[in-house]
Every structure is written in structure tokens, then in C-alpha cells.
Amino acid sequence: MQRDHQIVIVGGGMVGAALAARLGHAGVNVGLVERGDAPVKPEGDFDLRISSLNARSLAFIKAGGTSIPPERSHVFRRIEGFSQNGRGHSVFTAEESGLENFGCFVENKALRYALWQRLERLPGVTRYTRCAPLSTVAGSEARLLELDNGKTLSAALVVAADGAHSRLREMAGIDVSRYDYRQRALITNVETELASEETSWQCFTPTGPMALLPLPGHCASLIWYDRDGTTRAREMLSDDALARAIEAAFPKRLGNILRVTGRASFPIKRQHAKRYIGKRLALIGDAAHVVHPLAGQGLNIGLHDADTLAEQILARRDAGNAGTLRRFEVKRRLANQAMLAATDGFHHLFTGPRPLQKLGDCGLEMAERLPAARYFMSRQANGLSPFTPRR
Ligand SMILES: Cc1cc2nc3c(=O)[nH]c(=O)nc-3n(C[C@H](O)[C@H](O)[C@H](O)COP(=O)(O)OP(=O)(O)OC[C@H]3O[C@@H](n4cnc5c(N)ncnc54)[C@H](O)[C@@H]3O)c2cc1C
């Protein structure tokens, strides 16, 4: 049967573009449909949206031939977690987990730009920008996608990577379960007196965690979770008042806050698709799941979906075959369900009633005293087997 592409991916965010690069790099004929424009090169100050990439995600991106821009990313080798009341404290180092580093923090815009630059050099990848699907129908050998620019595309498999509000998921009639944490995250970039070096700081408070994520030099990205109204009020503060509020709430590990630049806030929700697959259709990334960002895993698990799906596609002749898709779903749904439960547990441990908060403090102290527990947790968070013996 003549099809326009072997695979059509809808959504050219970081997850969809990474899958297109991996498949295109392996010689697969891919169509990438994106409703926006191709990304432009970020310059100047770091954007507010930063993500951590763990070892497995970095390996997947590299396997598609994309390099992480070193000037817009920062490696981290140490994670220090503590509770605001000072009762719980734990330090994780990459070295004791048998890793060179824990990965890096990268500017979302820079990663997306690097991926799209890679796609431009892949002859098997066609990019369709400024268009979106209007309707879709699956036959026995292909799925058709009618686009709002008048084109119709056919492929053995259509992949929905169109984010949390996925239209494609809706069109396929796949339902989601949702939970509202009634929290909002404030994001701002800060300049600190001391260099953040290679440590990611996580401070747990009864109203939500705060994280200072290292960027090059004396810069860091701050994410501060709290109740909706409190976060909105902080967002309205002057730069100076916000800097003083951060100093008051976050232990002065990095000295004074010299400057804050930009701010934005996001509601915190959890969402999970009831199925990841349909007839000649697969869901990946935020289209399939949205996790609490406190553990910095949303993008990582989206890239792990793409990695697993690429493995299945490259190993079989018919990419959209029901068996291929089932294998993908079984592997990823279980892993993602575990991540959703773990981040949920973390959230409730530190923001729940006092006995739970005490348990959270004990957990941090136990991790501090048990190297094996730290090893297990950091390998898991890196998408690596915790059962590989230490070097
Ligand atoms: C505050 C915060 C901090 C976070 N920090 C981290 C972190 O440190 N580490 C981490 O791993 N994750 C983190 N995450 C999660 C991470 O940002 C998301 O999981 C990730 O961006 C999802 O990528 P995606 O490509 O699946 O979806 P998106 O980034 O939403 O991309 C979807 C793409 O599809 C396009 N699109 C949408 N609809 C259509 C349509 N109908 N037709 C065509 N195209 C369409 C969009 O234009 C977009 O390009 C964080 C999230 C938040 C809110």
C-alpha cells in the first residue's frame, strides 16, 4: 500500500521532535505536523522554562544525532534535599550512584531548536508547520490525517505528541483521569552571590517544595510551589521584594539573591490517559501523562516513551501493527504509573498532615544514612537499572 509516510508525528515539541530525529536518523520516512512555527535560536538571558534531562534521555537525544548546546545547559552532579524545618536532610552524589553526572539542566527553547536543526538535515523527515489535524480515520493498513491546510496524510502509524491538551487523543476518544493539586508553581531566574556550581537544591516546606536549579555562573532557576493565591501574590511582587521573599524562605546556601529576571506561574495538575494506543495510533509525552514537576521527570518520561516506541518501530516491519503497539503500551504505562504514584507520594508526604510530614523528614534522614537507598533512588530517577552493581 502506498502511504505518504511510514510515521506521522503530530506535535513538534521536545518529545515529538526527539522521536522524529531518532527515527529520521535511522532512515525512517517521517512527517512531523506542528501547529506553530519552527523554533528560533534563543539568545541573551536564559528563558524561564528549564528542564532536567537524565542519563537515558540524553542517550536517546544523542542517538538521534542531536547535541545539547553546552552554552544553554548546565551539568549537575549533586542533589541536596532538606526540609525547611531543618529536621530532614539528604545529599545524593552522581559518583556514589556510579554515574559521571546526574544529567543536565537545559533551556527548553534551546533543546527544541537543536532538535529542529537536526531535523532540517534529515532527508527522510518532512516538517509541516502552521497546521493541525481536523479529523482522522484508521483503516487496516494506514491511518489518515486530514489537516486544516487542505492536505491529507497517510501513515502506518500516527503518533500523538501534541501535549497535555492533545486534540488527537480527543479525536481518538481516549479519556484521561485528572487530579488538581491546588498548587501553582512560580518560576523565575535568579542571580546569586555564590555560584550554584553543580548542585540542584530541593527544599521541602509544608505548603510545597522550592527548587534552585543550577545554571552557568552565578545563575539559577527557581521553582517555588505553593497555594494558588500565595503564588499569584508573589508573582505580583516587585523584583526586590521577590528577592527578599526568596532569601527569607530558602536557606541561604548561595548567599543573597542579587537579581531576579522574569517570572511566570503554572497550575499543577496530574493527568493520565486511560489508554496509550488506538488503531494505528500511539500517545507519547504530555499527551499521555502529566506528572507533578517536583521531581523534574515529565519531559524525561516523555522521552523514555519516545525511546521505547522507536525501539519497537525499528525492530518490526509494520510500525502500526497492534502487537507492536501493545508492547509499547505495556512497557510505558507501568513505568509512568509508578512515576505518577511516586511524585504524588512525595507531594503528600511533605504537604500533608503533620504525621505525614514527619515521615517525609524521616525518609530524607534514612536516605542520608543508607547509601544503598540513595543508590536505588538516583538510578531509578535516571531511567537506569537500580540493580546494576556499583563500579
Ligand atoms: C513548572 C514546570 C517545570 C518542569 N520541569 C521539568 C523538568 O525539570 N524535567 C522534566 O523532565 N520535565 C519538566 N516539566 C515537564 C515538561 O515541561 C513537559 O513534560 C514537556 O515539556 C512535555 O513535552 P511534550 O513535547 O510532550 O509536550 P509540549 O511541550 O506541550 O509540546 C506539544 C507540541 O505540540 C504542538 N501542538 C499542540 N497541539 C497541536 C495540534 N493540534 N496540532 C499540531 N501541533 C500541536 C505544540 O505547539 C507543541 O509544539 C516541567 C513542567 C512544568 C509545568
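Me: Of the 30 residues around the ligand, which come nearest?

Reply: E34, R49, D286, L299 and N300 do. A residue is counted here if one of its heavy atoms lies within 4 Å of the ligand. A word on the source: this is a predicted model, where local features need pLDDT of at least 70 and side-chain atom pairs count only at pLDDT 80 or more, while totals for chains, interfaces and linings use all residues. Residues are numbered from 1 along each chain as its sequence is written, and side-chain values use heavy atoms, with hydrogens and water left out.

Me: What makes the E34 pair with the ligand a polar contact?

Reply: The term asks for a pair of N or O atoms within 3.5 Å. An N or O atom in the side chain of E34 is 2.7 Å from an oxygen atom of the ligand, so the pair qualifies. R49 offers a polar side-chain atom at 3.0 Å from a ligand oxygen, and N300 has a backbone N or O atom at 2.9 Å from one.

Me: Why are β12 and β16 called paired strands?

Reply: Strands are DSSP runs of E, at least two residues long, numbered from the N terminus, and two of them pair if DSSP finds at least two bridges between them. β12 (residues 176–192) and β16 (residues 257–273) share 14 bridges in the antiparallel sense, so they pair. One of the partnerships is D180 with K269 in β16.

Me: Which sheet do they belong to?

Reply: An open, mixed sheet of 8 strands, in the order β6-β5-β13-β14-β15-β12-β16-β19. β6 (89–93) and β19 (289–290) each have a single partner strand, so one side of each has no neighbour in the sheet.

Me: What makes β3 and β4 edge strands?

Reply: They belong to an open antiparallel sheet of 3 strands, ordered β3-β7-β4. β3 (50–53) and β4 (73–75) have a single partner each, so one side of each is left free of a neighbour in the sheet. The twist averages 20 degrees from one strand to the next. β4 meets β7 (residues 104–107) through 3 bridges, with V75 opposite C104.

Me: Why is one space called a cavity and another a pocket?

Reply: On a 1 Å grid over the protein atoms alone, a 1.4 Å probe fits in a cavity but cannot get out, whereas a pocket is open, with protein on both sides within 12 Å along at least five of seven lines; lining residues have an atom within 4 Å of a point. There are 2 cavities of 30 Å³ or more, and the largest has a volume of about 60 Å³. Its lining includes T192, F250 and R253, and divides into 6 nonpolar, 2 polar and 3 charged residues. The second largest pocket has a volume of about 190 Å³. Of its 14 lining residues, S67, P69, Y113, A114 and Q117 lie nearest the centre.

Key:
Grid points are joined across faces, edges and corners, and a volume is the space filled by probe spheres set on the points. Helices (H or I, at least four residues) and strands (E, at least two) are DSSP runs, numbered from the N terminus. Axes are lines fitted to C-alpha atoms, for helices over the stretch in contact, and angles run from 0 to 180 degrees between N-to-C directions. A polar contact is a pair of N or O atoms within 3.5 Å; within protein, one must be able to donate a hydrogen and the other to accept it, and residues adjacent in sequence count only if both atoms are side-chain atoms. Ala, Val, Leu, Ile, Met, Phe, Trp, Tyr, Cys and Pro count as nonpolar, Asp, Glu, Lys and Arg as charged, and the others, Gly among them, as polar.
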